[in-house]
Amino acid sequence: MKIQGRMFIWLSVFILIMAIVYGVWSKEPAGTTALFLAFGLAVMIGFYLGFTARRVDAGAQDDKEADVADDAGELGFFSPHSWQPLMLGFGGAIAFLSIAVGWWLMYFSAPFILIGLFGWVFEYYHGENRTQ
């Protein structure tokens, strides 16, 4: 994770330079603000990755002599058969459609989003998956 943190810090330096150059040359506030916000996001991600890299063991990506097989293994637990992302996607699609059609459509997307969100969070607290 150390190398990713450094990459984001270098990216943030580049974005900061480009934001200053763009702001001076274009005198356009929206794009300049967007670039400065992108700089802030890159700094936050780089700081988080660097902060976390100091507290966890070094990964295979931090070793210059590592092989691809050194990074093999279990990546984590992923839900094998969850329907909740479909519900969230449907609710999100209706929510984004409400921007084009009318804000009243947001009232119809809110129940789908809330059901999908609560279902996803509490998916392993009830039913057949509660012991996993």
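**Fold, surface patches and selected residues**

Lys 27 lies in the loop between H1 and H2. The structure is a predicted model. In that model, phi of Lys 27 is near 55 degrees. The value is positive, and the residue is not a glycine. Most residues other than glycine have a negative phi. Lys 27 is also exposed, because its relative accessible area of 66% is over the 50% cut-off.

The overall architecture is helical. The chain holds four helices and zero strands. From the N terminus on, the order of elements is α-α-α-α. Helix H1 spans residues 2-26. Helix H2 covers 29-53, and helix H3 covers 84-101.

The dimensions of the chain were computed next. The radius of gyration is 22 Å, whereas a compact globule of 132 residues would have a value near 14 Å. Along the principal axes, the C-alpha atoms fill a box of roughly 50 × 50 × 25 Å. Burial was assessed for the chain as a whole. Of its 132 residues, 20% count as buried.

Two surface patches were examined. One is nonpolar, with an area of about 1200 Å². Its members are Ile 9, Trp 10, Leu 11, Val 13, Phe 14, Ile 17, Met 18, Ile 20, Val 21, Val 24, Trp 25 and Phe 36. Helix H1 supplies the largest share of this patch, with eleven residues.

Two members of the nonpolar patch were considered individually. Trp 10 is found in helix H1. Its relative accessibility is 63%, so Trp 10 counts as exposed. Leu 11 is found in helix H1 as well. Leu 11 has 37% relative accessibility and therefore counts as partly exposed. This value falls between the cut-offs of 20% for buried and 50% for exposed. Leu 11 was also paired with Phe 39, a residue 28 positions away along the chain. The C-alpha atoms of Leu 11 and Phe 39 are separated by 8.1 Å.

The other patch carries negative charge. On the surface, Asp 63, Glu 65, Asp 67, Asp 70 and Asp 71 gather in this patch. One of these residues, Asp 67, sits in the loop between helix H2 and helix H3. Asp 67 counts as exposed because its relative accessibility is 55%.

Pro 80 is placed in the loop between H2 and H3. With a relative accessible area of 58%, Pro 80 is exposed. A C-alpha distance was computed from Pro 80 to Gly 116. The two residues are 36 apart along the chain, and their C-alpha atoms are separated by 16 Å.

A further distance concerns Ile 3. Ile 3 is found in helix H1. The relative accessible area of Ile 3 is 38%, so this residue is partly exposed. Ile 3 and Gly 23 are 20 residues apart in sequence. In space, the C-alpha to C-alpha distance between Ile 3 and Gly 23 is 30 Å.

In summary, the predicted model describes a chain of four helices without strands. Its radius of gyration is 22 Å, against a value near 14 Å for a compact globule of 132 residues. Its surface includes a nonpolar patch of about 1200 Å² and a patch of negative charge.

How values were computed
Residues numbered from 1 in each chain as written. Predicted model: local features only at pLDDT ≥ 70, side-chain atom pairs only at ≥ 80, totals over all residues. Heavy atoms only, no water. Patch = residues over 30% accessible without salt bridge, like charges linked within 9 Å, V, L, I, M, F, W, Y side chains within 5 Å. Areas by Shrake-Rupley, 256 points an atom, 1.4 Å probe, with all protein chains shown as cover. Salt bridge = Lys/Arg side-chain N within 4 Å of Asp/Glu carboxyl O. Helix = DSSP H or I, 4+ residues; strand = E, 2+ residues; numbered from the N terminus. Buried < 20%, exposed > 50% of the residue type's maximum accessible area, 1.4 Å probe, protein only. Lys, Arg positive; Asp, Glu negative; His and termini not counted. Charge placed at Lys NZ, Arg CZ, Asp CG, Glu CD. Rg over C-alpha atoms; globule rule 2.2 N^0.38 Å.
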